[in-house]
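User: Please take a close look at one enclosed part of this model and then show me how the rest is arranged. I am in my first year, so explain each term when it appears.

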Amino acid sequence: MTELFLTALAFPDIDPVIVQVGPLAIHWYGLGYVVGILFGWYLGEGRRFRVGYVEIGKGNGKTPFAAVIALYGLLVDKEHAPEIYSAAVAQEQAAICFKHALMMIDCSPELKKRVQVQVGSVTVPARFGVFRALSAEHKTLDGKIVHIGIVDELHEHPNDLVVDKLDAGTKQRRNALILEITNAGVGRESVCWRHHETSAAILEQRGPGNDAWFAYVCGLDPCPACHAAGKSQPDPNCPHCDDWRDPKTWIKANPSIDVILPGSYLARLVTGARAMVSKENIVRRLNFCQWTEQANRWLSMVAWDQCAGPLAFHALAASLHGRKCKLGLDAATVSDFSAAALLFHEGGKYPVLPFFFIPEDTLGERVRKTGLRFDLWRDQGLLETTPGNQTDYAWIEKKILALRELYEI
């Protein structure tokens, strides 16, 4: 598919082998499909899809793939003075896609004829086109008229700044495209998680949809029963869900396995993660596109789940009335939870009663941004909201005083 677009459409006189860079040419089975959709579907006013979200396992060639898209936009798209940007939080990250494009140009005499490579840019004088790497570090994101914007490693972006700046620069373009390429990330409040959830909702036909948003999300699947129960990822305690340790499931997150990405490499990573729990999260996240709450895990969640007792939270809380305990407090202001936890010691076990608090005025925005039902947790008595838009410590203090009436803290 890559050869189709960089040769058959752009340079029909070129032997397809010229634009191949080792095995990266077009053994991108899944990514070739992405190219076909993004560049093969037009409406009256221009390209149908203006955003392409691609979430795929590390090592499957997504950054070289993005470099191909950048070169196509620079050389082939019928757009006057195309401006192509590879953008990231840090300049070093933004330059990776740009460097892949330089390597492709260096391997192709035909591409060399059509571009001028300068320090920090590739230009096409005949079309007034330019391709550069940008970052939020140098405040160079404003004032661009973006034809194609590549957002590399979206999961590393701390906020919407880069994405919003690029998107704002597309308003004067007929066929603009923002291509976001990423692995899975950490937590549920990042821009990457919101775009992941937007993509999942579109693919599952939930909500209003977005005809200009194309999503290609690779990852392991929950079994039908767990999916019906609302789980978007495999349950590690369910024997029917996909298991990241099972080689038969690896191709779902790694469509280029044993073509670009050696299966033996994944096997070594999995073996290492099973032997060292602290590496489990990063392997599951980067290589199998499983979203995690922590960047690194010090305790296996399988071991943690085995600590579950026979009583639900409210029944456990009632059963511990009058017992001795210790209290721990973690206080936040706006964006994080505040938490108070009671720790008991009963018969060789350590029951824990946690209480969580967030500002009332932020509840709706949290639900909208993350897709998590904080409102249901509140209604179930598992989360308390304090008045206002910042955590009310006086409210938490009253809660602790009330707990002192029930437990011997």
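Analyst: **An enclosed helix and its surroundings**

Of the 9 residues of helix α11 (residues 280-288), 8 are buried, so this helix is largely enclosed by the rest of the structure; buried means under 20% relative accessible area, against over 50% for exposed and partly exposed in between, with a 1.4 Å probe and protein chains only. Helices (H or I, at least four residues) and strands (E, at least two) are DSSP runs numbered from the N terminus.

The model is predicted, so local features need pLDDT of at least 70 and side-chain atom pairs count only at pLDDT 80 or more, while totals for chains, interfaces and linings use all residues. Residues are numbered from 1 along each chain as its sequence is written, and side-chain values use heavy atoms, leaving out hydrogens and water.

The buried residues of α11 are E280, N281, V283, R284, R285, L286, N287 and F288. Their cover includes α9 (250-253) and α10 (263-275), where contact means heavy atoms within 4.5 Å. Just after α11 comes C289, which has a positive phi, near 55 degrees.

A strand shows the same kind of enclosure: 5 of the 5 residues of β8 are buried, so β8 too is largely enclosed by the rest of the structure. Both of its faces are covered, with I148, I150 and D152 buried on one side and G149 and V151 buried on the other. Along its edges, β8 pairs with β4 in the parallel sense over 4 bridges and with β9, again in the parallel sense, over 5 bridges; two strands pair if DSSP finds at least two bridges between them. V151 can be followed across these pairings, for in β8 it is the bridge partner of A87, and in β9 the bridge partner of V151 is E180.

These strands belong to an open sheet of 8 strands with mixed pairing, in the order β5-β6-β7-β4-β8-β9-β3-β10. At its edges stand β5 (116-118) and β10 (213-217), each with a single partner strand, so one side of each is left without a neighbour in the sheet. Neighbouring strands are turned against each other by 15 degrees on average, direction ignored. Further along the order, strand β3 (residues 51-55) runs parallel to strand β9 (residues 177-182) and is joined to it by 5 bridges, with V51 standing opposite I178 in β9.

Helix α7 (residues 191-203) packs on this sheet, touching β3, β9 and β10, and its direction makes about 95 degrees with that of β10. Helix α4 lies across β4 (83-88), β5, β6 (121-124), β7 (129-135) and β8 (148-152), running at about 150 degrees to β7. Such angles run from 0 to 180 degrees between N-to-C directions, using axes fitted to C-alpha atoms, for helices over the stretch in contact.

Helix α4 (residues 91-106) also meets helix α3 (residues 62-75): their axes come within 8 Å and cross at roughly 70 degrees. On the α3 side the residues are T63, P64, A66, A67, V68 and L71, and on the α4 side they are I96, C97, H100, A101, M104 and I105.

To place these parts in the whole, the protein chain has 16 helices and 14 strands, and buried residues make up 47% of its 409 residues. Among contacts between residues at least 6 apart in sequence, 68% join residues at least 24 apart.
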